[in-house]
Amino acid sequence: MLRLRNVEVAYGRLTALRRVSLHVDQGEIVSLIGANGAGKSTLLRTVAGLQRAGGGTVQFRGQDVTALRAEKVVALGCSLVPEGRQVFATMPVRENLLLGATVQYRRGKAAEVEADLARMFALFPRLAERQAQLAGTLSGGEQQMLAMARALMARPALVMLDEPSMGLAPLVVKDVLRAIQAIRGEGATVLLVEQNARAALRIADRGYVLENGRIVLEGSAEDLLGNHDVQRAYLGGDQSEARAAEARQASGPAEAAQAGKAKEDR
Ligand code: ATP
């Protein structure tokens, strides 16, 4: 679905991405984790055509999109849910969603837009209740749902989310994570950028760790959750995930199920 090879991005003399290579397969949820300033947003913006790569290539569905403009990338089926939601505050919820469908009108799929709106309202019932409300008056969690739904209105094959949990209360974060799983359930592939590494890895299939613009670690979400370096740097030093992963590896199916249940209970 998506493949980056040796991507380099610089802002003047500051190098933000150094020879970054990663891939996302169809149907996966892949998390990119990293500290403030590691280059996560830069990576998503580069794929989305909002930032130019100084080197390397970005391939989306087999096509080289490295030099494409943002509208072209969206038209090909790759949508970005930007950091900070960026909904149109003075417009109602419904109009925000219709703006997300611009690319569908261009594709000659205007007839499908009403059905897509209905799908979004089924997926995000809170938005259905608030169709006429100005987006700027929604709660943070509702704005995040709106930003996700707006991206989905373009019928993307790949949805990239930049820090969707930022600034949200823990319970709302859970709703957002469930919504991301539902997005995958609808057939989209997901690339998820998060500082909240634990939350992101719990719903992901695989993950990458970005430090100072470089990929320093990659693996299955389970392996990363169990990795001591990841634990120390990104999971607040909590070793319980590591112990659970070790228990699963060392034990038979019954104990593994128990370890899995313990994880659920937390
Ligand atoms: P955060 O989680 O804080 O958003 P991030 O991992 O998304 O961080 P980026 O926003 O990609 O990181 O930033 C990577 C580096 O590039 C940082 O050092 C940042 O200061 C710098 N940078 C980002 N955007 C610009 C810009 N438009 N001009 C100059 N430097 C920038």
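This report walks through a predicted model, from its sheets to the surroundings of its ligand, its helices and a few backbone details.

Residues are numbered from 1 along each chain as its sequence is written. Because the model is predicted, local features need pLDDT of at least 70 and side-chain atom pairs count only at pLDDT 80 or more, while totals for chains, interfaces and linings use all residues.

## The six-stranded sheet

Let's start with the strands. Helices (H or I, at least four residues) and strands (E, at least two) are DSSP runs, numbered from the N terminus. Two strands pair if DSSP finds at least two bridges between them. An open sheet of six strands follows the order β6-β7-β8-β3-β9-β10, with mixed pairing. At its edges are β6 (78–81) and β10 (214–220), each of which pairs on one side only. From one strand to the next, the twist averages 15°.

At the β6 edge, four bridges link β6 to strand β7 (residues 158–162) in the parallel sense. Ser79 faces Val159 of β7 in this part of the sheet.

Helices lie across this sheet too. Axes here are lines fitted to C-alpha atoms, for helices over the stretch in contact, and angles run from 0 to 180 degrees between N-to-C directions. Contact between two residues is defined by C-beta atoms, placed from the backbone, that lie within 7 Å. Helix α7 lies across β6 and β7 and runs at about 165° to β6. Helix α8 (residues 170–185) lies across β3 (29–33), β7 and β8 (189–194), at about 155° to β8.

## Pairings of β1

Which strands pair with β1, and over how many bridges? The table sets out its two partners, both antiparallel.

| Pair | Sense | Bridges | Facing residues |
|---|---|---|---|
| β1 (2–11) and β2 | antiparallel | seven bridges | Leu4 and Leu22 |
| β1 and β4 (55–60) | antiparallel | five bridges | Leu2 and Phe60 |

The β1 and β2 strands form a hairpin with two residues between them, and Gly12 in the turn has a positive phi of about 60°.

## Around the ligand

Which residues surround the ligand? They are Tyr11, Leu14, Ala16, Gly34, Asn36, Gly37, Ala38, Gly39, Lys40, Ser41, Thr42 and Gln195. A residue is near a molecule or strand here if its C-beta atom, placed from the backbone, lies within 6 Å of it. Both β2 (14–24) and α1 (40–47) supply at least two residues of this shell, and α1 gives the most, with three residues.

By class, the shell holds four nonpolar, seven polar and one charged residue. In this scheme Ala, Val, Leu, Ile, Met, Phe, Trp, Tyr, Cys and Pro count as nonpolar, Asp, Glu, Lys and Arg as charged, and the others, Gly among them, as polar.

Is α1 itself enclosed or open? Seven of its eight residues are buried, so α1 is largely enclosed by the rest of the structure. A residue is buried if 20 or more other C-beta atoms lie within 10 Å of its own, exposed if 12 or fewer, and partly exposed in between, with C-beta atoms placed from the backbone. The buried residues of α1 are Lys40, Thr42, Leu43, Leu44, Arg45, Thr46 and Val47. Just after α1, Gly49 has a positive phi of about 85°.

## Helix α3 against α7

Helix α3 (residues 93–100) packs on α7 at an angle of about 35°, with the axes 7 Å apart. The contact joins Val93, Asn96, Leu97, Leu99 and Gly100 of α3 to Leu146, Ala149, Arg150 and Ala151 of α7. These residues divide into six nonpolar, two polar and one charged.

## Backbone details worth a look

Most residues other than glycine have a negative phi. Arg19, in strand β2, has a positive phi of about 40° although it is not a glycine. Arg19 counts as partly exposed because it has 14 C-beta neighbours inside 10 Å. Arg61, in the loop between β4 and β5 (63–64), has a positive phi of about 45° and is not a glycine either. Arg61 is also partly exposed, with 14 C-beta neighbours inside 10 Å.

Finally, Gly136 sits in the loop between α6 (125–129) and α7 (140–152). Gly136 counts as exposed because it has 11 C-beta neighbours inside 10 Å. Leaving aside residues up to four places away in sequence, Gly136 touches Ala89 and Thr90. The C-alpha atoms of Gly136 and Phe88 are 7.1 Å apart, although 48 residues separate the two along the chain.
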